[in-house]
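Colleague: I'd like to learn how you read a model like this one, feature by feature. Could you walk me through it?

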Amino acid sequence: MEQTLTDGTTRPDVRALAAATTTVLLWASAFVAIRDAGPHFGPGALALGRLLVGAVALLALLAVRGEGLPPRAAWPGIAISGLLWFGLYMVALNWGEQEVDAGTAAMVVNIGPVLIAVLGGWVLREGFPRSLLAGLAVSFAGAAVVGLSTAGDTGTGSALGIGLCLLAAVSYAGGVVAQKPALRHGSPLQVTAFGCLIGAVACLPFAPQLVSDLGAAPVRATLDMVYLGLFPTALAFTTWAYALARTTAGRMGATTYAVPALVVLMAWAALGEVPAALTLAGGALCLAGVAVSRRG
């Protein structure tokens, strides 16, 4: 995330770096909130509730700012990212994490940034910088260590669960790569707001389950869902789009490898889940890989 100056030199883009940092912190907190709300909401219901809250907040902000509809050229990318990333990814991830242990889910889903780098280099012609590939390798190794250290004793879980986590990784990567061209035409807020809205519409079949779950869920779980919609969705996806518009999809994908390390620390602080030494070592590898991928 760099800015090119008039003399041809570059300097770090502080605002884009701050946006990416905000996204990573809020997405890490989402895993803690999902873990807390998950027992009280079905996978589709939780995704729909989160997206509805996020869409309402984003559209209200869009109206206040007077940005209106995005240009026609942005809509293909918005539609694809809305269906894949906001819709399919959230349902598949919520469902997959109910079928396999957290460690297995983490290892499979973290294929996503690697797929983003491959698709970004191929489809978006971003190339394959050595620092990015090296950073991805280090971070993926760290994510695997975190996954192994947190895997349950009963095995890796069902084939269905692993398949759902793999589907989540693929839809995440496809959504990010589709969103990048849309940001050439629409603002980060426009692309995020209407992508979120499309994802919410795609999840409307889960509306009856959401209504039923809301009637039985404790207040804390409902507040978790509202938090997920306002912050890890509305705010974090907007700051993500802002940063993505200013760097490559591959480097932004690699940045998300900081999430597993932060999840470990947040779960330790908020849920009292004391991490093992191996988990901390894996988290350190994730952060080291992110640092390597951001070079150059």
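**Reading the model together**

Modeller: Let's start with one glycine: Gly44 sits in helix H2, which covers residues 43-65. Keep in mind as we go that this is a predicted model.

Colleague: Is Gly44 buried or exposed?

Modeller: The way to read that is through relative accessible area, where anything under 20% counts as buried. Gly44 has 2%, so buried is the word for this residue.

Colleague: And which residues does Gly44 touch, once the ones up to four places away in sequence are set aside?

Modeller: Val91 and Phe206. You can also look at backbone spacing: the C-alpha atoms of Gly44 and Gln209 are 8.0 Å apart, with the two positions 165 residues apart in sequence numbering.

Colleague: How much should I trust what I'm looking at? What is the average pLDDT?

Modeller: Think of pLDDT as the predictor's own confidence, residue by residue. Here the protein averages 84, and 88% of the residues score at least 70. Watch residues 4-10, though: the pLDDT there is below 50, and the stretch has six contacts in the model beyond near neighbours in sequence.

Colleague: Fine. What does the secondary structure come to?

Modeller: The tally is 13 helices and two strands.

Colleague: And what share of the residues counts as buried?

Modeller: Of the 296 residues, 50% do. For the outside, the protein exposes about 12,900 Å², and 69% of that comes from carbon and sulfur atoms.

Colleague: How do I read contacts by their separation in sequence? What percentage joins residues at least 24 apart?

Modeller: You take the contacts between residues at least 6 apart in sequence, then ask what part of them spans at least 24. In this protein that part is 87%.

Colleague: Can you give me a residue to look at for that?

Modeller: Try Ala241, in helix H10. With a relative accessibility of 0%, Ala241 counts as buried. Leaving out neighbours within four places in sequence, Ala241 is in contact with Gln179, Leu183, Pro188 and Thr192. Measuring C-alpha to C-alpha in the model, Ala241 and Ala20 are 8.9 Å apart in space, while 221 residues apart in sequence.

Colleague: What about Ala288: where is that one found?

Modeller: In helix H13, residues 277-293. Ala288 is partly exposed, at 35% relative accessible area. Its C-alpha atom is separated by 8.8 Å from that of Gly142, and these two are 146 residues apart along the chain.

Colleague: On to charges. How many salt bridges does a search of the whole structure find?

Modeller: Two. The idea is to look for a Lys or Arg side-chain nitrogen within 4 Å of an Asp or Glu carboxyl oxygen. Arg220 and Asp36 fit, with 2.7 Å from N to O. Arg220 belongs to helix H10 (residues 219-244) and Asp36 to helix H1 (residues 14-37), so this pair ties together parts that are 184 residues apart in sequence.

Colleague: How do the partners differ in accessibility?

Modeller: Arg220 is exposed, with a relative accessible area of 55%, and Asp36 is partly exposed, with 22%.

Colleague: Which residue does Glu67 form a salt bridge with?

Modeller: Arg65, and the closest N and O atoms are 2.8 Å apart. Glu67 is partly exposed at 24%, whereas Arg65 counts as exposed at 56% relative accessibility.

Colleague: Now the nonpolar side of the surface. Which residues make a nonpolar patch?

Modeller: For a patch, you look for nonpolar side chains that show on the surface and lie within 5 Å of each other. Here Val118, Trp122, Val123, Phe128 and Leu133 make one of about 530 Å². Click on Phe128: its place is in the loop between helix H5 (112-122) and helix H6 (130-150). Phe128 is partly exposed, with a relative accessible area of 44%.

Colleague: Last topic, cysteines. How many disulfides does the structure hold?

Modeller: Zero. To see how that plays out, check the sulfur-to-sulfur distance against a cut-off of 2.5 Å. For Cys196 the nearest cysteine sulfur belongs to Cys203, 9.6 Å away, and Cys196 is in no disulfide. Cys196 counts as buried at 0% relative accessibility, and Cys165 counts as buried at 1%.

How values were computed: Residues are numbered from 1 along each chain as its sequence is written. This is a predicted model: local features need pLDDT of at least 70, side-chain atom pairs count only at pLDDT 80 or more; totals for chains, interfaces and linings use all residues. Side-chain values use heavy atoms; hydrogens and water are left out. pLDDT is the predictor's confidence in each residue, from 0 to 100. Contact means heavy atoms within 4.5 Å. Helices (H or I, at least four residues) and strands (E, at least two) are DSSP runs, numbered from the N terminus. Buried means under 20% relative accessible area, exposed over 50%, partly exposed in between (1.4 Å probe, protein chains only). Accessible areas come from the Shrake-Rupley method with a 1.4 Å probe; for residues, only the protein chains shown count as cover. Patches are made of residues with over 30% relative accessible area and no salt bridge: like charges are joined within 9 Å, nonpolar side chains (Val, Leu, Ile, Met, Phe, Trp, Tyr) within 5 Å.
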